[in-house]
Amino acid sequence: MTALVPRRARRLASLAEALLTPHGMDRYLELVDPMLVRREVRGLVTGVRRQTPDTVTLTIRPSRAWRGFVAGQYVRVTVEIDGVRRTRCYSPAGSEHDGTLELTIKADPQGLVSRHLNRTVTTGSVLGLSTPDGEFTLPSPRPRRILLLSGGSGITPVLSMLRTLADERHEGDIAFLSYSNGADDALYRAELADLSRRLPGLRVVHAFTHAKTGGDLHGFFSKEHLAEAAPWYPDAETFLCGPKPLMDSVREAFEADGLGAHLHTEEFTPPALTFDTENAEGQIRFARSGREFENSGKPLLEQAEDAGLKPEHGCRMGICFSCTQIKTAGCVRNAKTGETSSEENEEIQLCISVPVGDVEINA
Amino acid sequence: MTGLQDKLTPAQVEEFGRELDEIRQRIVADLGQVDVDYIHNIIKTQRALEVAGRGLLFAGFFPPAWIAGVTALSVAKILDNMEIGHNVMHGQYDWTRDPALSSQKFEWDNVAPAENWRHSHNYMHHTYTNILDKDRDIGYGVLRMDPAQKWNPYYLGNPVYATLLALFFQWGVMLHDLEFDRIVKGERKWSDNKEVGLKMLKKAGRQVGKDYVLFPLLTGPLAPLTFLGNATANLTRNLWAFSIIFCGHFPADVESFTEEETENESRGQWYLRQILGSANITGGKLFHVMTGNLSHQIEHHLFPDIPARRYPEIAGEVRAICEKYGLPYNTGPLHKQLFSVAKKIVKLAMPWNGEPRTPATVESDKTLRAA
């Protein structure tokens with residue numbers, strides 16, 4: 001009987017879809033309650049707290065279509081600002097074994113979405129969510145020794161890993177080295193203190209870059225910090241997320257020791273894209289809209305926008321894949337990696353693809 | 001181009017285009033929450049009317065319930081097709097980046113698949129507005145709507161075909177994209193229609209399935225009444241949509257063009273053709289909403305991708321620009337415009353009405369300003 005219920009429910013749902021064609025059930029359900037939708041993921045904000053003056057921590061109950069996430073992954077959050085939907089990526093901070101979703105969002109002074117979220121979200125707000133994505137995750141089985149390293153709001157994916165490991169009662173060594181400007185900016189201090197009481201193998205180290213007191217370590221990242229926080233780091237798998245200068249110096253230290261393969265990173269700050277607007281040549285054609293223009297050498301998303309097109313996009317830094325389109329002809333260079341690709345009918349990300357000569361996009 | 005346009009110097013045409021571009025830029029810069037709230041409200045109203053209409057038909061044995069149900073459903077279908085579907089599929093709300101308002105994703109309550117319609121309407125009709133042999137909206141490939149279409153005995157049936165097209169308009173819109181007339185003339189092969197045809201079958205199957213099979217079956221013994229109710233709602237929408245759309249381009253004094261005339265058009269000339277080739281209908285606020293603001297056909301043809309709710313607010317300015325350049329601004333109440341269209345349909349059935357008329361607009365500035 002239990003097996004029959006979902007089948008019957010599915011049949012009823014498909015009858016409802018047939019009756020409500022062409023719009024489908026969600027377009028009616030959302031008018032009653034935006035959380036009732038079946039196909040899209042949405043999240044109801046159930047809690048709002050402020051750990052620091054320029055961040056907001058949201059507790060979110062996702063709708064039915066949510067299938068959970070893996071610690072370290074990110075979700076695309078969509079909000080409507082002045083009638084326009086805007087999407088940004090944020091990594092959940094909670095354990096993957098927890099049914100709710102916790103996001104901590106730092107208000108970037110230039111950031112449209114992060115400032116909006118900090119200003120306007122209240123308990124009861126509904127946000128658009130995507131299914132989670134991203135390769136920045138803990139391997140299975142778990143490494144015996146793990147170093148988690150973060151800077152600022154980059155703490156969220158690595159804290160998620162730590163909370164997941166705590167729920168799994170991880171028995172190995174874990175070091176959590178967290179960088180912030182000072183005590184006022186340090187996120188999740190209480191949670192980290194609580195976790196180190198629960199996990200015997202965990203060592204939490206707070207490093208303050210701009211304060212001389214109050215933390216365990218002071219100043220910017222250095223090898224000494226590494227030796228202090230996790231003397232066994234050469235044996236560990238290291239997971240790192242934070243601002244670009246921190247990422248660069250950690251990467252440099254690991255490369256120098258030949259430990260690059262044990263360092264796993266997630267970047268949420270735009271990489272420096274390399275492109276050359278001087279020597280650009282060729283024609284860009286957006287086939288569906290019929291728009292054609294001279295290649296300016298900038299990434300395709302910017303070129304399309306300069307030409308008055310409004311392609312769907314999200315992060316503008318090649319991580320969210322919202323701007324993926326099919327390139328039907330021509331060659332593009334990935335501005336992040338420098339790789340060129342000239343295959344036909346290939347999916348490319350407009351925000352980080354720079355045309356090399358003539359390019360046609362099916363958009 | 002045509003006589004009237006020859007009265008304007010190229011510099012004037014350019015200046016005229018620039019003035020229209022200014023209106024456009026001002027509106028585009030002003031788009032925001034209020035436009036999104038508006039379309040969301042219309043969608044809410046449409047869905048509520050649809051649900052109410054379908055629900056009332058479950059009590060269809062009680063005549064007032066049947067009548068109320070059919071009325072609600074008819075209005076729902078009209079709103080869906082005109083103020084929501086037509087406008088969303090024009091890309092008027094693409095700037096919101098809401099997938100439910102995306103021109104590429106929206107599907108309407110009509111047997112014509114959105115994707116095909118976007119090609120035949122958004123692209124063909126809006127690019128080649130009123131260019132004979134290019135704009136397939138001229139007569140939908142079955143009617144003689146322009147004196148320059150060469151008469152043959154088939155066109156004696158013009159009024160009959162027009163009546164049938166009005167009754168079955170959604171099917172006409174669907175079949176429009178098969179370009180039967182071009183197949184008959186041998187310009188197009190049957191096999192070209194395979195893909196389009198499959199899409200039509202699928203979409204039409206779903207639409208017919210819900211209106212004529214599923215909902216009637218769900219009402220059990222009332223099935224014939226529900227069937228009749230749904231058919232009436234579809235018919236009402238068909239007649240309404242046909243009337244509004246034919247008033248948009250075919251009242252007397254609306255001009256048509258040849259391919260030669262419109263070669264290498266500038267942006268200003270393109271705007272000019274949209275104005276000369278379109279006609280408005282006057283009416284109240286509710287009337288405009290029910291037409292999907294296609295009562296502002298002129299403004300729509302100038303700016304097809306600007307949210308239609310903005311047309312009434314710019315209509316005065318567009319009209320003033322027309323007056324400034326001595327251009328006609330064809331408008332009138334529904335009955336007058338409809339009568340003018342009907343007269344044209346009947347007149348053009350006859351062989352002796354074959355001379356392409358000289359555009360009335362060149363004859364005297366008086367008639368021009370009175371239009």
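Which residue forms a salt bridge with B:Glu19? In this predicted model, the partner is B:Lys324, and the closest N and O atoms of the pair are 2.6 Å apart. The two residues come from distant parts of the chain: B:Glu19 belongs to helix α2 (residues 10-30) of chain B, while B:Lys324 belongs to helix α14 (residues 311-324) of chain B, 305 residues apart. Their surroundings are worth a look too. B:Glu19 has a relative accessible area of 13%, which is under the 20% cut-off, so this residue counts as buried. B:Lys324 sits at 55% relative accessibility, over the 50% mark, and therefore counts as exposed. Elsewhere in chain B, you can pick out a network of salt bridges with shared partners, made up of B:Glu50, B:Arg54, B:Lys77, B:Asp109, B:Lys210 and B:Asp211.

Why look for pairs like these at all? Side chains of opposite charge can pair when their charged atoms come close. Over all chains, the count comes to 48 salt bridges, and chain A supplies a couple of handy examples. Take A:Arg27 and A:Glu30, whose closest N and O atoms are 2.9 Å apart in a salt bridge. Both lie in helix α2 of chain A, three residues apart, which is about one turn of the helix. A:Arg27 is buried, at 15% relative accessible area, whereas A:Glu30 counts as partly exposed at 21%. Another example joins A:Glu40 to A:Arg42, with 2.8 Å from N to O. Here A:Arg42 is the buried residue, with a relative accessible area of 10%, and A:Glu40 is partly exposed at 29%.

Now for the sheet in chain A. Follow its six strands across and you get the order β4-β3-β6-β1-β2-β5, in an open sheet with antiparallel pairing. The edges are β4 (84-90) and β5 (101-106) of chain A, each of which pairs on one side only. Direction ignored, neighbouring strands of this sheet are turned by 40° against each other on average. Helix α3 (residues 112-120) of chain A packs on the sheet, where it touches β2 (55-62), β3 (75-81), β4, β5 and β6 of chain A. The direction of this helix makes about 75° with that of β3(A).

Strand β3(A) makes a good place to stop. Five of its seven residues are buried, so β3(A) is largely enclosed by the rest of the structure. On one side, β3(A) pairs with β4(A) in the antiparallel sense over seven bridges. Within that pairing, A:Val79 stands opposite A:Arg86 in β4(A). The hairpin of these strands has two residues between them, and there A:Asp82 takes a positive phi near 50°. Strand β3(A) also runs antiparallel to β6(A), with two bridges joining the pair. In this case the residue facing A:Val77 is A:Leu129 in β6(A).

That same A:Leu129 turns up again if you come from β1(A): it is the bridge partner in β6(A) of A:Val41. Four bridges join β1 (residues 41-49) of chain A to β6 (residues 126-129) of chain A, and these strands run antiparallel.

Finally, step out to where the chains meet. How many residues does each chain bring to the contact? Chain A gives 20 residues and chain B gives 28 residues. The size of an interface is often given as the accessible area lost when the parts come together. For chain A and chain B, the buried area is about 2,100 Å², with carbon and sulfur atoms giving 58% of it. On the chain A side, A:Leu19, A:His23 and A:Arg85 supply 27% of the area that chain A buries against chain B, more than any other three residues.

A:Arg85 has another part in this contact. It forms a salt bridge with B:Asp98, the closest N and O atoms being 3.0 Å apart. Two salt bridges are found across the interface of chain A and chain B, along with eight residue pairs in polar contact. As for which elements of chain A touch chain B, those giving two or more residues are α1 (4-19), α2 (26-32), β3 and β4 of chain A. So as you look at the model, β3(A) and β4(A) can be followed from their seven-bridge pairing to the side of chain A that touches chain B.

Notes. Residues are numbered from 1 along each chain as its sequence is written. Chains are lettered from A and ligands numbered from 1 in the order in which they are written. This is a predicted model: local features need pLDDT of at least 70, side-chain atom pairs count only at pLDDT 80 or more; totals for chains, interfaces and linings use all residues. Side-chain values use heavy atoms; hydrogens and water are left out. Two strands pair if DSSP finds at least two bridges between them. Axes are lines fitted to C-alpha atoms, for helices over the stretch in contact, and angles run from 0 to 180 degrees between N-to-C directions. Contact means heavy atoms within 4.5 Å. Buried means under 20% relative accessible area, exposed over 50%, partly exposed in between (1.4 Å probe, protein chains only). Buried area is the accessible area (1.4 Å probe) that two parts lose on being put together, summed over both. A salt bridge is a side-chain nitrogen of Lys or Arg within 4 Å of a carboxyl oxygen of Asp or Glu. A polar contact is a pair of N or O atoms within 3.5 Å; within protein, one must be able to donate a hydrogen and the other to accept it, and residues adjacent in sequence count only if both atoms are side-chain atoms.
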